[in-house]
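User: Please take a close look at one part of this model and describe its surroundings in a single connected account.

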Amino acid sequence: MQQWIEIVGAEGVRAEDRVAVVAPSNDEQVAAVLQRCSQGLSVTATGGGTKLGWGNAVDANIRLNTSRLSGVREHSWQDLTATVGAGTTWAAMQSELAMHGQRVALDPLFAERATVGGVLSTNDCGLLRMRYGSLRDLVIGMTIVLADGTIARAGGKVVKNVAGYDLPKLITGSFGTLGIITEATFRLHPLQKNTSRFRVRSEDVVPLAELMHALVTSGMSLEAMQFRNEADAFALDVEFAAVPEALAEHQQRLRALAGSLPVQACDHDMYAVRESLFAIEGATVLKLTTLSTKLAALVAGFAQLAASGITASAVADPAGVVMVALIAPAAGLATIVEDLRARLLGIGGSVVVLQRGALPIEVDPWNDAVQLPPALDVMRAIKHEFDPTRLLNPGRFVGGL
Amino acid sequence: MAYIVMDATILAQLKSAVGEHGLVVDRNQVQTYECDGLTNFRTTPAAVVLPRTTAEVQAVVRICAEHAIPFVARGAGTGLSGGALPAEGCIVIGLARMNCVLSVDLENARITVEPGVTNTQVTERVKAAGYFYAPDPSSQTVCTIGGNIAENAGGAHCLKYGFTVTHVLGCEVVLPNGEVRWFGSEHGVVDPPGYDLPGVFIGSEGTLGIATKAVLRIVRRPETVQTLLAAFHTATDAAQTVSDIIAAGMLPAAIEMMDRLSITAAEAAVHARYPMCEALLLVELDGPRAEVDAQIREVRELCSMNNAWEQRLAQTEAERSLVWKGRKAAFAAMGRLASHYIVQDGVIPRTALPMVLAKMQTMSEETGLRIANVFHAGDGNLHPMVLYDASVPGEEDRALILSYDILRLCVDVGGSITGEHGVGREKQCVMSYMFHEPDLATMLRVRHAFDPQNLSNPEKVFPTPRLCGERRHGAYVPHPAEAAGIAEVF
């Protein structure tokens, strides 16, 4: 403990489950901690700890906590950019940006507790990606500390920049295996002033799937949309964001496109649905990716499972992602995951376990035994260059990265 | 520069890799590949190969890897930073013959193409179905998707739609060791598990391998498009209008600005019938009709508030294309005003625009060199063009120094040395002004992971002692001789 106190001070060190939790308060301290670890101590960076269960379990020697690397450090609201410490919670960042009517146009899970660094490391994107792009399209700069203590700044503070390699994209979604993110700069969007929300229900999946496709190609100002199964029907949640004149027109067009399906205006929080899957007691939560044309069939499949007595709540994002919460006996869950993986393999989709629930431990969160990323050798070479002695979150990510 | 003759056994291997018609060694023919759109740097390659398939590209790269021969991939050669400038003794791999659209999947809004397909051809292919390919560099009618991927090409509409990297879901890549891998998803599925290799590969300027196929996202054509021209007495008024539009919460498809010199050149070249003024704004809004109509009214009010003395809304598709033709012809049109010019590509925070423009004006007066400005005002991407006459002794050197000084100015105000043209050979020495040594060393780790032999487009992007001198520690400072204009940087 003493060696950590020397670097970050007594207030930044505590023991948790016999593991040292070290909380540096600046980049130099992060670098010093990592340099001290270079004799073979493995490190997991943690923020709010909301997604530590994602990927393979890592029994690291040190937890590097980012809570003291927090705060919105620069908000150039006229330039629509902001630089934020990695330990800032997503919600705290958003509320500060909202003072100038702006936001990072992304709705990650657990925003009250999840930190900027954790959201970036797991590349957790929500429904807004359909309109604003995913996290990689919104992060324009980053400071990272490498395993050997190198402090590197990548990208910049302007929205358009092709100088050198785009390391922020490489680091986004790398599950803390390449470096510790200490700060990030985002491109911002204005908060929407006028929105309207609707829910369309149907017992039959086909007309609702067709409506979803019609809306995607309609040219209307869609802010977000999701397709999900309910107890005895399918539901499509739609949010428009536009000037009031357009909103009125959009509502009419939505009703016309929906035909005989009932369209209900509602103020239900569609952004909370994804997160609610994780709160279902004992649920296994999976993230599935597929082509957008295959989404409805997947959700319909889960509805069938639900009809057979298994708890299965699925929510699909038109970008091509389905999140599903399942409650079933362990053996049944393993079969479901295996079947899904076999079905999606041929079309390039994937099934990743985010919350294990009753799913047997033998079921790999990434499916490494069957399907490895096609360029895993390149990924390994990058890992080797950035972290040759494998100190950072070793083995957490796909393919043992 | 020395012309390196390739060993006969290697030539024989290359011939068996790409066939007799795929290998170019004739001195005169090879010379046509000596530069790209940045014409003041030239190197004749040792040979040029024109493969037709991924397997042929792979065979060539394997030969290069085995004999440690540098190779440089090339699309249409329209790049403006020397990204396709041959390395000494290298093999140029021209991808223009790999120009097939492989599949179109409208339901999932995807298209799979070979790298030699031009940017415009992608849109042409899906236009009838109501889609378009969003990145639109000014050279889009000739530049290729392979080159767009290498440079992470942007264009006027990336303010709203994003860059090439936003629109590539996956690409097949021949790695510098000759292996072929898919980065991202071959099927166009989002979020494939693993590192974001397309994210780092796209925009790596040919230094990490060669893309041989790409799955692109296509975008639904908006319901309506409105294009407004507004003329201002001062650049400050125009810049304030841009800030006001953004502050009002609008995200136009494009906001472009041109100064008097650029307007003069564009008028002479394509007769776009622009109003002659100090600063011309071109604002394009697209989307649902009801929304665009409401927003264009708001934009017009903001223009008036900031003293626009003339506003013209393009009334027909023909008028709209003419407006864009003038804007996209602006670089080439400079030839009407000066025998030579250097195009730069700095980016600044939008709010620094009036200050940077004023400073550039001072720099122009101090050097006696004219600077024309065309820029993507919405995202702060400047394209200052330094005009000069190469027949005047020393003027080219002074123009070069001025153009690099402008880039340093962009960095000083918190910006970047390049927004879409790439670093290439042209700006590699300015990289150490923008990035510190550890930042560059971290990028080089990626380079080393992909290309330990340093064969794929060597001596680009990163400063090297040979090309930039031993000035890699700390900010770049011009050599006194260089500053005085008596020696050139390269």
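Analyst: In this predicted model, the C-alpha centres of domain 1 and domain 3 of chain B are 42 Å apart. The domain assignment of chain B places domain 1 at residues 8-94 and domain 3 at 224-333, and it also gives domain 2 (101-220) and domain 4 (338-483).

Within chain B, helix α9 (residues 235-247) packs with α11(B) at an angle of about 145°, and their axes are 9 Å apart. The crossing of α9(B) and α11(B) is right-handed. On the α9(B) side, B:T241, B:D244 and B:I245 take part in the contact, meeting B:V299, B:L302 and B:C303 of α11(B).

Helix α11 of chain B, residues 289-305, is also one of the elements against which the buried residues of α9(A) pack. From chain A itself, the partners of these buried residues are β12 (195-202), α8 (205-216), β14 (234-241) and β15 (263-265).

The helix α9(A) therefore merits a closer description: it comprises 15 residues (244-258), and at 1.5 Å a residue it should span 21 Å, in agreement with the 21 Å between its end C-alpha atoms. Its buried residues include A:A246, A:H250, A:L254 and A:A258. These four residues lie on the same side of α9(A), because they cover an arc of only 95° around the axis. The face of α9(A) turned away from that buried side carries A:Q252 and A:A256, which are exposed. Just after the helix α9(A), A:G259 adopts a positive phi of about 60°.

Conventions. Residues numbered from 1 in each chain as written. Chains lettered and ligands numbered in written order. Predicted model: local features only at pLDDT ≥ 70, side-chain atom pairs only at ≥ 80, totals over all residues. Helix = DSSP H or I, 4+ residues; strand = E, 2+ residues; numbered from the N terminus. Expected span 1.5 Å × (residues − 1). Buried ≥ 20, exposed ≤ 12 C-beta atoms within 10 Å, placed from the backbone. Arc of directions from axis to C-beta. Contact = placed C-beta atoms within 7 Å. Domains from an automatic or database assignment. Axes fitted to C-alpha atoms, helices over the stretch in contact; angles between N-to-C directions. Left-handed = near helix turned anticlockwise from the far one by under 90°.
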